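I sat down with this two-chain model to see how the partners meet. My notes follow in the order I looked things up.

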Amino acid sequence: MANILSLKIGESARVTELRAENHIDQRILSLGIGTDVIIKMCKIAPLGDPIAVEVDGAQIILRKSEAEGILVEPA
Amino acid sequence: MAPKSYCVNPRPKEFWSSLHNPAAMEVAVSPAPKRTLRIALIGNPNTGKTTIFNNLTGLRQRTGNYPGVTVSRKAGTMKLGDTTAELLDLPGTYSLSAHSPDERVVIDVLNGRFEEIGKPDLILFVADATNLRRNLFLASQVATLKIPMVLILNQWDSVARSGQQIDLNLLKGRLAVPVIPTVGTKGKGTEEIKKAVIQLMEEPKLLPEIKWPESMKLAIDHLKATLPCVGEELLSESETHRLLFDTHSAEVQRLKVSPEEAEREVVKAREFIRKDGMNPLVAEAMLHYRHIDGLIGGIVLKDAQLAYGATESIDRLLLHRGWGLAAFVAMMYVVFQAVYSWAGPVMDVIEAGKIWAQNLIGPALEGTPMLKSLVLDGVIEGVGAFLIFLPQILILFAFISLLEDSGYMARAAFIMDKLFSWCGLNGKSFVPLLSSYACAIPGIMATRTIEDPKARLTTVFVAPFMSCSARLPVYILCIGAFIEPVYGPWWAGFTLFLMHFVGVVVAVPTAWFVTRFILKTRSQPFIMELPKYRAPRMRDVGYRMWQAGWEFVQKAGTIIFVITIIIWASLYFPRSEAQEIEIQATFVADKVADGAGSEEAILAQLENEDSDLAREFGLTLAGAQINQSYMGRIGKAVQPIFEPAGFDWRISISVLASYPAREVIISTLGIIYSLGGDVDEEDGHLRAALKNSRWQEGERAGTPIYTVPVVIGLMVFFALCSQCGATTSIIIKEAGIKWAVASFLYMTILAWIGAVFCYQVGTYLF
């Protein structure tokens, strides 16, 4: 299954599963990124990492290593 | 049955004062003992919480630390009609989860676990109105504490701009608590908040609490029954949630049982949830969000396309691969220049003020030399040398406030994170470390902008390695006297450039080591919001500067004062008249031997204070007294320790005397070489004295002390050593005494190793 890093900038998708380490999943969840949420790839930092995604009208910075655990399917 | 409005039974006013004194309710005849109302301000980061706090308290605010942790505590007094309330500004957070005691502060305060703070009577919850759903997640967790709440919807003016509509009346009806729309930066809504607080005191109202499914209730009850806290009290409902839902919860440290036993019970409790078909680690968030969706369903209409409108256009430039990096470098250059050079004129004024005070007070204390020395050389000199950092602190905090309030700080962290993440720091470490190149004191204070407590501690630990401006005089003296004359200006400049990197080369592996082996951090996520750009408000910038400056003067000042007196005493004592007479006798005998005249003629010249000979004697006396002082004796005693670095006893004393402030080495060398304490790093006499200085005895007798390897070693020693009392006192304040001691020892040992390495390898090669 694809994770959000496979999205191009500006593309949106639906979150299907969180698969990072548990304590990271909890942080991600507290920021509103959970299953069935629509997530949009917004920005990649000038040095290539981290990235910024948009959820529910807020942009959130994630490192690529953390973003890998967020699995998505086409919205 | 509770009434449908979730309203708790209205209580008379005495209810509030009797909350912590059950007996007061029964003796209603005599007035109940009055206690100030305690209010906690809580919310996500970037909601404008601090602005609301400033609006409510004005300048009536104080800062400090929570006991036992490194989180700074901010409180203020708020006027409520004819009474006042205590307002506590809790650190911004997205959730009550806590993996460390630092993160536990919010839930600890809400549960009344800090004895001197007490459980809050009321909560002001600040939410970003443009992002209600996410903000209410924390509110929903807080609601389980059953503390009356006012919900503040800040940045209300941005709601329409971000393409949203919120049905306020419907929301007020569903949430049951007072809902106040505000625009903090324009001061709108401040009075309404106060009115709501007064109303809530009359008639406490709670936010509707989440309804747990049966399996959750069983799990929670299981933990409550099996895991007592230290001191026999029970875990509260919210604390039990943390144990149940969080991996590696910091609540474990509060329990009476061992972590292993707690873990066994938590696993058992989670089984109830698992059997119900849910993943216990994500169930909490899922259920809270479901609860919130039920509360705000149909209330918020949004067009997400508009959300980041203007911000997107600015970010296209400021986060661009080329332009974005250039803008970042330019902005940081301005910050650095401001701290490094703009502070200069103000620092000169403080320096002049110090000399003015010494000249003013000096004559009045002429009759009591010891008191004069204590006041002039100890108190005024020491406190002045410390106050001189104030301009740098104020300037840096003005910039930090501008960067944070505008939303650029998050972008700076976004840009820099990749360079820092591998050694356990994160993008937010950049500004504090850059500032430390000017001065570690404002740099360490700036680490408060780092939310992750472990990354913050690591940054505090490595910040003093950055080559601060006080190291410059040492480099200039050494390079000017020994590198430039031999190797020319190009090498001199290059050496100076390299010296600025010695600290970083050591700091990076240190950060990695501290994170990996001391703090034993699992991979710390770097997850934060990228806020929308906003115009900063000058009033908030002013508060921030005032707060940082006042705190520096007040708290660190007491520590530096003590250090100053100790160092002064060790340089002054022991001192006696007999000793002075003996030094004078030796001086006169030497002069007679040199053929400068008869004993009587020399003594007569010494009587005249303005004669050259009297001045020369004054310098000789100061040099001799420092040799015989406790510090001088210690210097000579520890010289064997510095022997492998090629330092003689003079360098050893200078190095020791420089522990309160490293730039002191120049004046100490001046005193030791009997040139007086007023020399500077460009002084030709001091350079000549160092060059002519030779070993007096031993196998190296007659050879120069200051060879190139010794000089390089000395510079490396100063680059790495913890020679700044003010920095040490700031570390004590920000991270605690343990970290300050560790930092001091680590830097000193490393400095010694560096100096020995340079001397030994250098001497072998040349």
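**Entry 1: the strand pairing across the chains.** I began with strand 4 of chain A and strand 10 (residues 528-530) of chain B, which pair in the antiparallel sense over three bridges. Here strands (E, at least two residues) and helices (H or I, at least four) are DSSP runs, numbered from the N terminus, and two strands pair if DSSP finds at least two bridges between them. In strand 10 of chain B, I found B:Met528 as the bridge partner of A:Ile61.

**Entry 2: ground rules.** I note that this is a predicted model, in which local features need pLDDT of at least 70 and side-chain atom pairs count only at pLDDT 80 or more, while totals for chains, interfaces and linings use all residues. Residues are numbered from 1 along each chain as its sequence is written, chains are lettered from A and ligands numbered from 1 in the order in which they are written, and side-chain values use heavy atoms, leaving out hydrogens and water.

**Entry 3: the whole sheet.** In what order do the strands of the open sheet run? I read 5(A)-1(A)-2(A)-3(A)-4(A)-10(B), six strands with antiparallel pairing. Strand 5 (70-74) of chain A and strand 10 of chain B are the edge strands, each pairing on one side only. Neighbouring strands are turned by 45° against each other on average, direction ignored; axes are lines fitted to C-alpha atoms, for helices over the stretch in contact, and angles run from 0 to 180 degrees between N-to-C directions.

**Entry 4: inside chain A.** I followed strand 1 (residues 12-18) of chain A to strand 2 of chain A, an antiparallel pair joined by three bridges. A:Arg14 has A:Ile38 of strand 2 as its bridge partner. Strands 2 and 3 of chain A also run antiparallel, with five bridges between them, and A:Lys43 is matched with A:Ala52 of strand 3. Their hairpin has six residues between the strands, and A:Gly48 there takes a positive phi near 100°.

**Entry 5: a helix across the sheet.** I saw helix 17 (residues 408-421) of chain B lying across strands 2, 3 and 4 of chain A together with strand 10 of chain B, at about 115° to strand 10.

**Entry 6: the interface.** I looked up the contact (heavy atoms within 4.5 Å), which takes 30 residues from chain A and 44 residues from chain B. The chains bury about 3600 Å² between them, 57% of it on carbon and sulfur atoms; this is the accessible area (1.4 Å probe) lost on being put together, summed over both. On chain A, the residues that lose the most area to chain B are A:Pro46, A:Ile61 and A:Arg63, together 20% of what that side buries.

I counted four salt bridges between the chains, each a side-chain nitrogen of Lys or Arg within 4 Å of a carboxyl oxygen of Asp or Glu. A:Lys43 and B:Asp315 meet in a salt bridge at 2.5 Å, N to O. Helix 1 of chain A gives eight residues, the largest share of the side of chain A that touches chain B.

**Entry 7: backbone oddities.** Which peptide bond of chain A did I mark as cis? The bond from A:Asp49 to A:Pro50 is cis, with omega near -5°, and A:Pro50 is found in the loop between strands 2 and 3 of chain A. In chain B, a cis peptide bond joins B:Phe573 and B:Pro574, with omega about -10°. B:Pro574 is found in the loop between helix 23 (538-572) and helix 24 (577-593) of chain B. Lastly, A:Asp36 has a positive phi of about 75° although it is not a glycine.

Technical notes
Buried area = accessible area lost by both parts, 1.4 Å probe.
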